Amino acid sequence: MLSSTRIVRSSLLNHLGPRLFSTSAVTRSPVGSSEVWVRVSPVRFASTEATTAAKISGDEESEAKKEASAVPAGERKAVASYWGINPSKIAKEDGTEWRWSCFRPWDTYKSNLTIDLKKHHVPTTFLDKVAYWTVKSLRLPTDIFFQRRYGCRAMMLETVAAVPGMVGGMLLHLRSLRRFEPSGGWIRALLEEAENERMHLMTFMEVSQPKWYERALVMAVQGVFFNAYFLGYVISPKFAHRVVGYLEEEAIHSYTEFLKELDKGAIENVPAPAIAIDYWRLPANATLRDVVMVVRADEAHHRDVNHYASDIHYQGQELKGCPAPLDYH
């Protein structure tokens, strides 16, 4: 009886195993070549139609094997998608292939350079003053550490600037779920702000490569700032947004000094990175100065959005009651 039970169990595992745990890999690695054709099949659960599904999956796998064998070894590419599906190819307006995976053509825009860069929110309330002097106190160690190395300074600045939007968007998202209510577009606005700041970082990574100790400093600062901002936003969103508003004012000042160094020739005005040209729709002959100009304009827009968000809270209103700016770039 025990032996027959083991035989039945083994038979069931052999029959259902490929359907319950299906991760098949087809490898074609000719001698002297490291290229591999990989195919990952989605997991199939046992059902009344398991036999049919397994047959279809087997047919697809056989077809993929034939196609892989027909492609010359030098032209085979790995399929990196979880579902085994090649990503669709996107073309630019001029017909050339879109080369960026971190953003798409519909995410690009022309920055508004006419925005008022000198606008300043005068601190009036106690929380305003605390936020203002908190940011001012953070500027001193930054000036001492980076001095005139504005490329590295910009990278550090953007690793911090991309945190508040993500934290605020996440907390508003969870609040919307808990209360079964909309957010007035603020979740999307804050997450887009975080993504925009991250693109600033991706751009300046092409201009200046951080040293190992600068990377270590980024990890330490991000860990401290994320938790501090998270706690601050939970306690007082109006204070948190005011801090970001003043941080953006400092960012505008830093990029203005960056431009002065470029104009004096102290920093070489190199050609703009290709990622910046596509993201901000800059001309093909754009330079680093053009990049700093559009980044500074972005920071001014973020300044206005966060001061506006803080003002709404000061007036005793919920963010959901006042729609977020739909286009703040």
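**View 1. Phe-180, an exposed loop residue.** In this predicted model, Phe-180 has a relative accessible area of 77%. That value is over 50%, so Phe-180 counts as exposed. The residue sits in the loop between helix H4 (150-179) and H5. Its phi is near 55°. The value is positive, and the residue is not glycine.

**View 2. Arg-281, in the loop between H8 and H9.** Helix H8 covers 274-279, and Arg-281 lies in the loop between H8 and H9. Phi of Arg-281 is near 55°, a positive value in a residue other than glycine. Relative accessibility is 41% for Arg-281. This falls between the 20% and 50% limits, so Arg-281 is classed as partly exposed.

**View 3. The binding-site residues listed by UniProt.** An unreviewed UniProt entry lists Glu-158, Glu-197, His-200 and Glu-299 under "binding site". These residues are spread over 142 residues of sequence. In space they cluster, with a largest C-alpha distance of 10.2 Å. From this set, Glu-299 is part of the lining of the largest pocket.

**View 4. His-200 in helix H5.** Helix H5 spans residues 186-207 and contains His-200. The relative accessible area of His-200 is 0%. Buried means under 20%, so His-200 is buried. Beyond residues up to four places away in sequence, His-200 touches Glu-158, Trp-280, Val-295, Asp-298 and Glu-299. Glu-158 and Glu-299 also appear in the UniProt "binding site" list.

**View 5. Glu-299 in helix H9.** Glu-299 belongs to helix H9, residues 288-314. Its relative accessibility is 0%, and Glu-299 therefore counts as buried. With neighbours within four places in sequence left aside, Glu-299 contacts Glu-158, Glu-197 and His-200, among others. Further contacts of Glu-299 include Glu-248, Ala-251, Ile-252 and Tyr-255.

**View 6. Stacked rings of Phe-204 and Tyr-255.** Among the aromatic pairs, of which the structure holds 13, one is edge-to-face: Tyr-132 with Trp-133. Their ring centres are 5.2 Å apart, with 80° between the planes. Tyr-132 has 19% relative accessibility and counts as buried. Trp-133, at 58%, counts as exposed. Phe-204 and Tyr-255 form a stacked pair, 5.9 Å centre to centre and 15° between the planes. This pair links distant parts of the chain: Phe-204 is in helix H5 and Tyr-255 in helix H7, 51 residues apart. Both Phe-204 and Tyr-255 are buried.

**View 7. An aromatic cluster.** Ring pairs join Trp-98, Trp-100, Phe-103, Tyr-109, Tyr-279 and Trp-280 into a cluster. One of these rings, Trp-280, is in contact with His-200.

**View 8. Helix H6 and its buried residues.** Helix H6 has 24 residues, 212-235. At 1.5 Å a residue, H6 should span 34 Å. The end C-alpha atoms of H6 are 35 Å apart, which agrees. Buried residues in H6 are Glu-214, Val-218, Phe-225, Tyr-229, Gly-232 and Tyr-233. An α-helix has 3.6 residues a turn, so residues three or four places apart point the same way.

**View 9. Helix H7, mostly covered.** Helix H7 runs over residues 237-264. Its 28 residues should span 40 Å at 1.5 Å a residue. The end C-alpha atoms of H7 lie 41 Å apart, in agreement. Of the 28 residues in H7, 20 are buried. Gly-265 follows H7, with a positive phi near 90°. Tyr-255 of H7 is in contact with Glu-299.

**View 10. The whole chain, for orientation.** The protein chain has 9 helices and 0 strands. Along the sequence the pattern is α-α-α-α-α-α-α-α-α. The chain has 329 residues, and buried residues make up 40% of them. Among contacts with a separation of 6 or more, 73% are between residues 24 or more positions apart. The accessible surface comes to about 19400 Å². Carbon and sulfur atoms account for 61% of that surface.

How values were computed: Residues are numbered from 1 along each chain as its sequence is written. This is a predicted model: local features need pLDDT of at least 70, side-chain atom pairs count only at pLDDT 80 or more; totals for chains, interfaces and linings use all residues. Side-chain values use heavy atoms; hydrogens and water are left out. UniProt positions are given in the numbering used here, feature names are shortened, and annotations may be inferred rather than shown by experiment. On a 1 Å grid over the protein atoms alone, a cavity is a set of points where a 1.4 Å probe fits but cannot get out, and a pocket is an open set with protein on both sides within 12 Å along at least five of seven lines; lining residues have an atom within 4 Å of a point. Helices (H or I, at least four residues) and strands (E, at least two) are DSSP runs, numbered from the N terminus. Buried means under 20% relative accessible area, exposed over 50%, partly exposed in between (1.4 Å probe, protein chains only). Contact means heavy atoms within 4.5 Å. The expected span of a helix is 1.5 Å times one less than its number of residues. Rings of Phe, Tyr and Trp (its six-membered ring) pair if their centres lie within 6.5 Å; planes under 30 degrees apart count as stacked, over 60 as edge-to-face and the rest as tilted. Accessible areas come from the Shrake-Rupley method with a 1.4 Å probe; for residues, only the protein chains shown count as cover.
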